[in-house]
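Look at the sequence and the model below before reading on. The text that follows is meant to be read with both in view.

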Amino acid sequence: MLTMSSALDRARRYYSHKKAIVDHEGTWTWGEHLDRVARAAGMLRDMGIGPGDAFGLLSRNTFRNCELVHAGYWMGAIPVPVNIRLAAPEIQYILDNAGAKVVGVEDVFLDLLDSEALAPWAGSAFCVSREPPAGSSLPHYEALIARADPAPLRDADPEDTAILFYTGGTTGRSKGVELSHLNVVSNGMQCGQSMGFGTDHTYLHVAPMFHSADLLGTGLTLMGGSHAYLPQFTPTAFLEAVQALGATHSMLAPTMIILILQQEDVSRFDLSSLQWFLYGSAPMAAEWVKRMIEAFPGVKIEQGYGLTETSPILTWLPMEEHVKAIEANDLTRLKAAGRPIVGVDMRIVDENGDEVPDGEAGEVVVRAPNVTKGYLNLPEENERAFRDGWFHTGDVGRFDEEGFMYLVDRKKDMIITGGENVYTLEVEAAIYQHPDVSECAVVGIPDEKYGEALFAAIVPAPGKMLSAEIVIEHCRARIGGYKIPRQFAFLPEMPKSAMGKILKTELRKTFSDPDAPREQA
């Protein structure tokens, strides 16, 4: 059956002596790893968790976090990875909304249990770490699994919820996205087939495990490959982890890649093991893509686009397309999100749900086995997002005549100024072509005359200075005048999510205030 429980059973039977976990603490085979997973499932059972029950995880990327997620798959319970950057009341909401019965908390986050919002969870929490933390009376994970009897493998139904991810949380309430066993396994197979994962590969988990991007590693589990974990990203930490753990594959957000290229001499590290990585989760300027490929010679660099609701990958731009674009000195193709991966049916539709011709922009809608079964306890959201068998992504895109999909914008990020539709990604792409721009984001802010005005927040490259006049002059040769922002903020850094996405909601909120500092032209 297409379930994560059967996938783990398959790994136990076929890959028992192959490496499953590669870590600074040691190396575990699939047989050893799944013995610990079965004991972790036994521990959860002893704490009152049964099939269909949810349990929270508040942890960085670690192999113990992986064991607990796999324990949920193993016994039919539902792991709920929680964004470690949220405030205590937001975490409380997620745990309550998910109906979590217990929560595993990494030792570095135990102070959160002292907050008023999470204090009630102290009685049903256990500490996840190598050693019991000094002064803590919480049950300790290693001691708990040492004395637990292994739980038997439970055959899940493909439609059972395998894992529950919460999206958003920066404004309003997070939405719980229920991903079924069928969803997770399907995307693991889709990615494995497209991207060529193999038994001898080691996947370095850099994307936070509370984010659906981490599910890209499922393809390695299906193939009996191995997993390594980076608890906290820094450019140096990533490069050192590849060097020390022999990582062959990984996934990086564009922000992470830009930081690596800005802060490190990549050549000083032994990256000979690295064969492939995917960049995604946010658009990346073509100029940065070219610099990235030059900095990692011999490494296959590919792009993926997807959402939490799609487990997560929908499209894929392979390395050969990158090479062709660079050799032809035509970077247009590097702006594509790629073609839909096998099993994904994708269309571009207008406001009436009718498919539009190639070249025209519209909403991206999909149907595929990796599309979520829906949002937890949100019938109105489900009715809005799932219509006539299609999931409406909220992204605006277009197809070219060769079947490549180009993201134009999020529907909510499109700006209507003076009656004209302006797609912010197009404006950002123009700004990014200036060599002194490190990061930029364009948002709409209220304007009495035009309804909305374009506002650009820009982080200059280290040691560089920019002004409104410089950026406007740069844009004039690249985009129409009505698309050029006239209000700017030059910032030391952008507000970002844990995956490195620029939080445009925060920029809108800050700079919609007419008293917020800005530079105007």
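The paragraphs below go through the cores, some helices, several buried residues, a loop and the cysteines.

This is a predicted model, in which local features need pLDDT of at least 70 and side-chain atom pairs count only at pLDDT 80 or more, while totals for chains, interfaces and linings use all residues. Residues are numbered from 1 along each chain as its sequence is written, and side-chain values use heavy atoms, with hydrogens and water left out.

Begin with the inside of the protein. A residue is called buried when its relative accessible area is under 20%, exposed when it is over 50%, and partly exposed in between, using a 1.4 Å probe and protein chains only. A nonpolar core is a set of buried Ala, Val, Leu, Ile, Met, Phe, Trp, Tyr and Cys residues joined through side-chain atoms within 4.5 Å. The largest such core has 139 residues. Those with the most contacts inside this core are Leu44, Leu68, Leu216, Phe238, Met292, Phe296 and Ile431. A second core, separate from it, has 26 residues, including Ile78, Val82, Tyr166 and Leu376.

Met292 is a good place to look in more detail. Two residues are in contact when heavy atoms lie within 4.5 Å. Leaving out residues up to four places away in sequence, Met292 touches Ile257, Leu261, Phe277, Tyr279, Met284 and Ile301.

Met292 also takes part in a helix pair. Helices (H or I, at least four residues) and strands (E, at least two) are DSSP runs, numbered from the N terminus. Helix H9 covers residues 254-263 and helix H10 covers residues 286-295. Helix axes are lines fitted to C-alpha atoms over the stretch in contact, and angles run from 0 to 180 degrees between N-to-C directions. The axes of H9 and H10 are 10 Å apart, and the helices pack at an angle of about 60°. That angle makes H9 oblique to H10; angles under 35 degrees count as roughly parallel, over 145 as roughly antiparallel, 65 to 115 as roughly perpendicular, and the rest as oblique. On the H9 side, Ile257, Ile258, Leu261 and Gln262 meet Trp288, Arg291, Met292 and Ala295 of H10.

H9 has a further helix partner. The axes of H8 and H9 come within 9 Å and cross at roughly 90°, so H8 and H9 are roughly perpendicular to each other. Here Pro235, Phe238 and Leu239 of H8 meet Leu259, Ile260 and Gln263 of H9.

How many of the residues of H9 are buried? The count is 7 of 10, and H9 is mostly covered. The buried residues of H9 pack against helix H8 (235-245), strand E11 (249-252), strand E12 (276-280), H10 and strand E24 (437-447).

Next come residues in two other helices. Asn183 is found in helix H6 and is buried, with a relative accessible area of 4%. Its C-alpha atom is 8.8 Å from that of Ala368, although 185 residues separate the two along the chain. Beyond its neighbours within four places in sequence, Asn183 is in contact with Glu178, Ser311, Pro369, Asn370, Val371, Thr372 and Lys373. Ser194 is also in helix H6, residues 181-195. Ser194 is buried at 14% relative accessible area. Glu428 is in helix H13 (residues 424-432) and counts as buried at 7% relative accessibility.

Ser311, one of the contacts of Asn183, lies in the loop between E13 and E14. Ser311 counts as buried, at 1% relative accessibility. The phi of Ser311 is near 70°, a positive value in a residue other than glycine. A cis peptide bond joins Ser311 and Pro312, with omega about -5°. Asp388 also has a positive phi, about 55°, although it is not a glycine. Is Asp388 buried or exposed? At 77% relative accessibility, Asp388 counts as exposed.

Last, the cysteines. A disulfide is a covalent bond between the sulfur atoms of two cysteines. Here a disulfide is counted when a pair of cysteine sulfur atoms lies within 2.5 Å, and the count comes to 0 disulfides. Why does Cys66 have no bond to Cys191? The sulfur of Cys191 is the closest cysteine sulfur to that of Cys66, but at 17 Å it is too far for a bond. For Cys475 the closest cysteine sulfur is in Cys440, at 8.6 Å, which is also too far for a bond. Cys66 is buried at 2% relative accessibility, and Cys475 is buried at 0%.
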